[in-house]
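Here is a report on one protein chain. It goes from the whole fold to single residues.

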Amino acid sequence: MPAFHLLGTGAADCGGDVLQRLQACGLSIDPVDGLLVTHAHMDHVSGFPLFMEKIWLDGRERPIPVCGIEPALAQARRTWDAFTPVHEGWEGLPPIDWREVEHERGARMWTSAPWTVTAAPVDHGDTPNVGLRFEHADADHVLAYSCDTAPTSSVVRLAQDADVLVHEANGGETDNHSTAAGAAEVAAEADVDRLLLVHLPPGDKSKRLREARSIFPHTDLGEELGTYSFAA
Ligand SMILES: [Zn+2]
Ligand SMILES: [Zn+2]
């Protein structure tokens, strides 16, 4: 059965040292097929230069696909360029295969059997951002990831009947994030099997978890470096 790992902000992106987290889960770097970047905020893209350095040091030669909407890719590119000329002399650096996806509902973010990833715009204020739906063709498993967003019907659609919804719960009532209760309402409306809350603010999380469970009982806190199966 396929599994997934929570490496920082959610189910994609490269805030901080995402490959160190991958290795901490007991996985190696070489099988990484590509990188999906959702939006331009630091906690989602600042680790890109380090990601490149690490796959190079790991001996990768084949190109690395980096997929995302234009503003997210532009930010990744700027972070990489900021380290010029440091990486200019690096022999055998794998080429970056920038793959821009449309900022629209149903955009194909990734298609490489058995995984298909579709994106849809979410509500993150002035910052263009996308949520993601990961579908596994063989096993008929679906994972949805809200990314950073206020509760939105876009995520309800993305997550419809998913096995797991990974939803952020970073916010208060009025900003461009969701409360735990808001995430739970999205999970209930999408009729998912399980909700994992991620991106919570620091401090005691038990009250937020209780609030979410009062609306959507099968809710858990997504553990950093946690490995999850799709089974309910
Ligand atoms: Zn953000
Ligand atoms: Zn974030």
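What percentage of the 232 residues of the chain count as buried? The figure is 51%. Buried means under 20% relative accessible area, exposed means over 50%, and partly exposed lies in between (1.4 Å probe, protein chains only).

This is a predicted model, in which local features need pLDDT of at least 70, side-chain atom pairs count only at pLDDT 80 or more, and totals for chains, interfaces and linings use all residues. Residues are numbered from 1 along each chain as its sequence is written, chains are lettered from A and ligands numbered from 1 in the order in which they are written, and side-chain values use heavy atoms, with hydrogens and water left out.

**Overall build**

The chain has seven helices and 12 strands. Its radius of gyration is 17 Å, close to the 17 Å from the globule rule for 232 residues, so the chain is as compact as a globular protein of that length. The radius is taken over C-alpha atoms, and the rule is 2.2 Å times the number of residues to the power 0.38. Helices (H or I, at least four residues) and strands (E, at least two) are DSSP runs, numbered from the N terminus.

Along its principal axes, the C-alpha trace spans about 55 × 40 × 35 Å. Take the contacts in the chain with a separation of 6 or more: residues 24 or more positions apart account for 63% of them. Contact means heavy atoms within 4.5 Å.

The chain exposes about 10,600 Å², and carbon and sulfur atoms supply 48% of that area. Accessible areas come from the Shrake-Rupley method with a 1.4 Å probe; for residues, only the protein chains shown count as cover. There are 17 positive and 36 negative charges, and their mean positions are 3 Å apart. Lys and Arg count as positive, Asp and Glu as negative; His and the chain ends are not counted. The place of a charge is NZ of Lys, CZ of Arg, CG of Asp or CD of Glu.

**Strand pairing**

Strands of a sheet pair through backbone hydrogen bonds, either parallel or antiparallel. Here, two strands pair if DSSP finds at least two bridges between them.

One open sheet has three strands in the order 2-3-4, with parallel pairing. Strand 2 (35-36) and strand 4 (96-100) are its edges, each pairing on one side only. Two bridges link strand 2 to strand 3 (residues 64-68). Leu36 stands opposite Cys67 in strand 3.

Strands 5, 6 and 7 pair in the antiparallel sense. Strand 5 (residues 107-112) and strand 6 (residues 115-121) share five bridges. These two strands form a hairpin with two residues between them. Strand 6 also joins strand 7 (residues 130-136) through seven bridges. Thr118 of strand 6 is the bridge partner of Arg108. Thr118 also stands opposite Arg133 in strand 7.

**Backbone exceptions**

Most residues other than glycine have a negative phi, and most peptide bonds are trans. The table lists cases that depart from this.

| Site | Backbone value | Place |
|---|---|---|
| Thr84 to Pro85 | cis, omega near 5° | Pro85: loop between helix 4 (70-81) and strand 4 |
| Ala113 and Pro114 | cis, omega about 5° | Pro114: loop between strand 5 and strand 6 |
| Cys147 | phi near 55° | loop between strand 8 and helix 5 |
| His199 | phi near 65° | loop between strand 10 (194-198) and helix 7 (206-215) |

**Two loop residues**

Thr149 lies in the loop between strand 8 (141-145) and helix 5 (153-158). Cys147 is in the loop between strand 8 and helix 5 too. Is Thr149 buried or exposed? Thr149 counts as buried, at 0% relative accessibility. Cys147 is also buried, with a relative accessible area of 0%. Leaving aside neighbours within four places in sequence, Thr149 is in contact with Val122, Asp123, His124, Val155, His167, Glu168, Asn176, His177 and Ser178.

Asn170 sits in the loop between strand 9 (164-168) and helix 6 (180-190). At 23% relative accessibility, Asn170 counts as partly exposed. Which residues does Asn170 touch, not counting those up to four places away in sequence? They are His177, Ser178, His199, Leu200 and Pro201. The C-alpha atoms of Asn170 and Pro202 are separated by 9.2 Å, with the two residues 32 apart along the chain.
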